[in-house]
Amino acid sequence: MAKRGGFPGGMPGNMNNLMKQAQRMQRQMEENQKELETKEFTAKAGGGAVEVTVTGKKEITKVKLSQEVVDPEDIEMLEDLVMAATNEALRMAEEANAEAMNKMTGGLGLGGGFPF
């Protein structure tokens, strides 16, 4: 009769290996996150009239406007272009983050939380 509450078949050794793998994966994820935070993502809008650069930390580091887009009579267009370029740069940063997480988890979908 099997012992109650035990792990037949050597499960404790497998648990140790699993824990080591999880710790190694966590270290790799932290390293990838630090690397991603140092990267910059630049997006343009209005045919290049507005250019926005963000970091992997999702902080805006640069906004570049061409002279022809600065029209005091049409501030709304400029605001829309800045917003569009910023959103695209942030999307690029998020995509790079998701790609890095996907590489780490092997496509298991563990990056944004557990699927249960």
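This report walks through the fold, core, surface and salt bridges of a predicted model.

## Overall fold

The protein chain has 116 residues. Its secondary structure comes to two helices and three strands. Read from the N terminus, the order of elements is α-β-β-β-α. Helix α1 covers residues 11-38. Strands β1 (40-45) and β2 (50-55) and helix α2 (75-105) all contribute to the main core described below. Strand β3 spans residues 60-65.

Of the residues in the protein chain, 21% count as buried. The accessible surface comes to about 8,800 Å². Carbon and sulfur atoms account for 53% of that surface. Take the contacts between residues at least 6 apart in sequence: 42% of them join residues at least 24 apart.

## The nonpolar core

In soluble globular proteins, nonpolar side chains tend to be buried together. Here, the largest nonpolar core has 14 residues. The residues with the most contacts inside this core are Phe41, Val50, Val52, Val54, Val69, Leu81 and Ala85. β1, β2 and α2 each supply at least two residues of the core. The biggest share comes from α2, with five residues.

Val69 shows how the packing is built. Setting aside residues up to four places away in sequence, Val69 touches Ala49, Val50, Met77, Leu78 and Leu81. Two of these partners, Val50 and Leu81, are themselves listed with Val69 among the core residues with the most contacts.

## The loop after β3

Ser66 sits in the loop between β3 and α2. Is Ser66 buried or exposed? Its relative accessible area is 17%, so Ser66 counts as buried, the cut-off being under 20%. Beyond its neighbours within four places in sequence, Ser66 is in contact with Gly48 and Ala49. Ala49 is also touched by Val69.

## The end of helix α1

Thr38 belongs to helix α1, which covers residues 11-38. At 64% relative accessibility, Thr38 counts as exposed. The side chain of Thr38 reaches back to the backbone oxygen of Glu35, at 2.7 Å. Thr38 also comes within view of a residue further along the chain: Gly56 is 18 residues away in sequence, and the two C-alpha atoms are 6.3 Å apart.

Glu35 has a second partner here. Lys39 forms a salt bridge with Glu35, and their closest N and O atoms are 4.0 Å apart. Both ends of this bridge are partly exposed: Lys39 has 40% relative accessibility, and Glu35 has 45%.

## Salt bridges across the strands

How many salt bridges does a search of the whole structure find? The search finds seven. Two of them share Glu51. Lys44 and Glu51 meet through their side chains at 3.8 Å, N to O. Lys62 and Glu51 do likewise at 3.9 Å. Lys62 lies in strand β3 and Glu51 in strand β2, so this pair ties together parts that are eleven residues apart in sequence. Lys44, Glu51 and Lys62 are thus linked in a network of salt bridges.

The three members of the network have their own levels of exposure. Glu51 is buried, at 15% relative accessibility. Lys44 is exposed, at 55%. Lys62 is partly exposed, with a relative accessible area of 41%.

## Surface and loop features

Which residues make a nonpolar surface patch of about 330 Å²? They are Ile60, Val63, Leu65 and Val70. Ile60 is found in strand β3. Ile60 is partly exposed, with a relative accessible area of 49%.

Lys58 stands out for its backbone. Its phi is positive, about 65 degrees, although Lys58 is not a glycine. Lys58 lies in the loop between β2 and β3. With 43% relative accessibility, Lys58 counts as partly exposed.

Terms used. Residues are numbered from 1 along each chain as its sequence is written. This is a predicted model: local features need pLDDT of at least 70, side-chain atom pairs count only at pLDDT 80 or more; totals for chains, interfaces and linings use all residues. Side-chain values use heavy atoms; hydrogens and water are left out. Helices (H or I, at least four residues) and strands (E, at least two) are DSSP runs, numbered from the N terminus. Buried means under 20% relative accessible area, exposed over 50%, partly exposed in between (1.4 Å probe, protein chains only). A polar contact is a pair of N or O atoms within 3.5 Å; within protein, one must be able to donate a hydrogen and the other to accept it, and residues adjacent in sequence count only if both atoms are side-chain atoms. Contact means heavy atoms within 4.5 Å. Accessible areas come from the Shrake-Rupley method with a 1.4 Å probe; for residues, only the protein chains shown count as cover. Patches are made of residues with over 30% relative accessible area and no salt bridge: like charges are joined within 9 Å, nonpolar side chains (Val, Leu, Ile, Met, Phe, Trp, Tyr) within 5 Å. A nonpolar core is a set of buried Ala, Val, Leu, Ile, Met, Phe, Trp, Tyr and Cys residues joined through side-chain atoms within 4.5 Å.
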